[in-house]
Amino acid sequence: MNTTQVSALPRRAPRRTPRWALDPYRPLPADKHRLDLHAALTTTGIAPLPGDLDAIKVLSTLDDATVRTVLRWITNR
């Protein structure tokens, strides 16, 4: 007697999960940019004012090269 039972339901294809979603400790690019901008301002002794947070949020959505340039301007390196 065969005790193996085969499901009548079709088998689902595995879901493709983005790589960043697999590592909870790896921030999204915009989050990393935002943190880098905050850190650069804090390191140079510039405390972001409440209105500055909106500008930081917008800057953090830019591409890597632009954010690196802004960070270079802030840190003067």
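These exercises walk through a predicted model, each with a worked solution.

**Exercise 1. The overall make-up**

Task: State how many helices and strands the protein has, and in what order the elements run.

Solution:
- Step 1. Count the elements. There are four helices and zero strands.
- Step 2. Read from the N terminus. The order is α-α-α-α.
- Step 3. Check burial. The protein has 77 residues, and 12% of them count as buried.
- Step 4. Look at the surface. About 7100 Å² is exposed, with carbon and sulfur atoms supplying 58% of that area.
- Step 5. Turn to contacts between residues at least 6 apart in sequence. Of these, 53% join residues at least 24 apart.

**Exercise 2. The two sides of α4**

Task: Work out which residues of α4 are buried and on which side of the helix they sit.

Solution:
- Step 1. Locate the helix. α4 covers residues 64–75, 12 residues in total.
- Step 2. Check its span. From first C-alpha to last, α4 reaches 16 Å, close to the 16 Å expected at 1.5 Å a residue.
- Step 3. Pick out the buried positions. Val 67, Val 70 and Leu 71 are buried in α4.
- Step 4. Place them around the axis. Their arc is only 100°, so they fall on the same side of α4.
- Step 5. Turn to the other side. Arg 68 and Trp 73 are exposed there.
- Step 6. Find the cover. What lies over the buried residues of α4 includes α2 (29–43) and α3 (52–59).
- Step 7. Look just past the helix. Asn 76 follows α4 and has a positive phi of about 60°.

**Exercise 3. A serine in a loop**

Task: Decide whether Ser 60 is buried or exposed, and list what surrounds this residue.

Solution:
- Step 1. Find the position. Ser 60 is in the loop between α3 and α4.
- Step 2. Apply the cut-off. Buried means under 20% relative accessible area. Ser 60 has 5%, so this residue is buried.
- Step 3. Follow the side chain. The Ser 60 side chain reaches the backbone oxygen of Lys 57 at 2.7 Å.
- Step 4. Set aside neighbours within four places in sequence. Ser 60 then contacts Ala 30, His 33, Arg 34 and Leu 37.

**Exercise 4. Leu 41 and its partners**

Task: Describe where Leu 41 lies and what this residue touches.

Solution:
- Step 1. Assign the element. Leu 41 belongs to helix α2.
- Step 2. Check exposure. The relative accessible area of Leu 41 is 12%, so this leucine is buried.
- Step 3. List the contacts, leaving out residues up to four places away in sequence. Leu 41 touches Ile 46, Pro 48, Ile 56 and Ile 74.
- Step 4. Compare sequence with space. Leu 41 and Thr 75 are 34 residues apart in sequence, with their C-alpha atoms 7.8 Å apart.

Methods:
Residues numbered from 1 in each chain as written. Predicted model: local features only at pLDDT ≥ 70, side-chain atom pairs only at ≥ 80, totals over all residues. Heavy atoms only, no water. Helix = DSSP H or I, 4+ residues; strand = E, 2+ residues; numbered from the N terminus. Expected span 1.5 Å × (residues − 1). Buried < 20%, exposed > 50% of the residue type's maximum accessible area, 1.4 Å probe, protein only. Arc of directions from axis to C-beta. Contact = heavy atoms within 4.5 Å. Areas by Shrake-Rupley, 256 points an atom, 1.4 Å probe, with all protein chains shown as cover. Polar contact = N/O pair within 3.5 Å; in protein donor to acceptor, adjacent residues only side chain to side chain.
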